[in-house]
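Let's take a look at how one protein chain is put together. Have the sequence and the 3D view open, and follow along.

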Amino acid sequence: MGGFLDLLLPERCVACRREGGLLCDECRAGLLRLAGTLCTRCGAPTAWPVERCGECAGRRLPFASARAAVAYDKGARALVGAWKERGLGRIARIAAEFVVEVVPPPRAETLTWIPGDADRSRWRGVNTAEALARELAARWELPAASMLRRTRSVPRQRGLPRSSRRKNVQGAFSATTAPAVVAVIDDVYTTGATAAAASAALKRSGARAVHVVTFARAVRR
């Protein structure tokens with residue numbers, strides 16, 4: 001039915017609702033690429049090169065680096081919202097294009113992804129992190145494998161302060177035996193709590209270094 005409707009109704013941009021594909025040229029150009037000076041560790045935009053920025057200094061981060069393609073602003077939020085809540089799987093290709101454009105391939109042996117909550121993934125019909133990981137694996141010519149699993153259901157992170165987000169996901173992941181260097185893929189990096197919890201699980205399972213790659217990242221101004 002969806003394919004038949006696509007033939008009858010022009011596809012509209014998920015951000016501005018104008019005709020012109022899932023993401024029109026204007027909205028695509030409007031996404032803020034995170035290609036400038038960044039914190040070496042967490043990937044936050046900075047005025048000058050730093051090893052640790054005000055956002056990550058003093059935190060015990062189990063990942064070696066985090067990088068994202070675009071700022072998680074209005075356009076990116078609309079894209080991720082349509083991807084998650086409407087199950088538009090084709091957005092994975094769009095997100096991967098941005099990541100490949102902005103983020104250098106991680107020096108990793110394998111890509112893995114943040115596993116989705118079972119109930120929410122069934123309802124959405126897509127795990128955005130896995131879909132992005134598989135798109136990136138093809139473009140970067142790296143293997144992708146499922147290594148993480150959720151040990152318990154985690155309440156939604158949206159709207160929670162940073163300290164609550166960390167408690168929310170603490171111990172929420174376990175991992176199979178991991179290679180020495182692995183990159184973990186997710187759709188959005190907000191406070192880094194989920195990325196840190198997943199990275200900690202991978203390091204407990206043998207990884208010496210974990211690099212985090214996401215499509216979008218919250219930018220504090």
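pLDDT is the predictor's confidence in each residue, on a scale from 0 to 100. You need that here since this is a predicted model. Across the chain the mean pLDDT is 88, and 83% of the residues reach 70 or more. The start of the chain is another story: over residues 1-8, pLDDT stays under 50. For that stretch the model has one contact beyond four places in sequence.

**The sheet**

Now find the strands. Four of them form an open sheet in the order 1-6-5-2, and the pairing is parallel. Which strands stand at the edges? They are strand 1 (65-71) and strand 2 (110-113); each has a single partner strand, so one side of each is left without a neighbour in the sheet. Going from one strand to the next, the twist averages 25 degrees.

Zoom in on strand 1 and its pairing with strand 6 (residues 209-217): the two run in the parallel sense and share six bridges. For one spot to click on, try Ala-68, whose bridge partner in strand 6 is Thr-214.

**Helices that pack together**

Next, turn to helix 4 (residues 91-102), which packs with helix 6 (residues 128-140). Helix 4 also crosses helix 3 (residues 74-85). Here are the two pairs:

| Helix pair | Angle | Axes | Handedness |
|---|---|---|---|
| Helix 4 and helix 6 | about 50 degrees | 9 Å apart | right-handed |
| Helix 3 and helix 4 | roughly 145 degrees | within 10 Å | left-handed |

Start with helix 4 and helix 6, which pack at an angle of about 50 degrees. That angle makes helix 4 oblique to helix 6. On the helix 4 side, the contact is made by Ala-92, Arg-93, Ala-95, Ala-96, Glu-97, Val-99 and Val-100. Helix 6 brings Ala-131, Leu-132, Glu-135, Leu-136, Arg-139 and Trp-140. Sorted by class, this contact has nine nonpolar, no polar and four charged residues.

What about helix 3 and helix 4, which residues make their contact? From helix 3 come Leu-79, Ala-82 and Trp-83, and from helix 4 come Ile-91, Ala-92, Ile-94 and Ala-95. How many of the residues in this contact are nonpolar, polar or charged? Seven are nonpolar, with no polar and no charged ones.

If you'd like a residue to revisit, pick Ala-92: it belongs to the contact of helix 4 with helix 6, and it turns up in the contact with helix 3 as well.

Technical notes
Residues numbered from 1 in each chain as written. Predicted model: local features only at pLDDT ≥ 70, side-chain atom pairs only at ≥ 80, totals over all residues. Heavy atoms only, no water. Axes fitted to C-alpha atoms, helices over the stretch in contact; angles between N-to-C directions. Helix = DSSP H or I, 4+ residues; strand = E, 2+ residues; numbered from the N terminus. Parallel < 35°, antiparallel > 145°, perpendicular 65-115°, else oblique. Left-handed = near helix turned anticlockwise from the far one by under 90°. Contact = heavy atoms within 4.5 Å. Nonpolar A, V, L, I, M, F, W, Y, C, P; charged D, E, K, R; others polar. Pairing = 2+ DSSP bridges.
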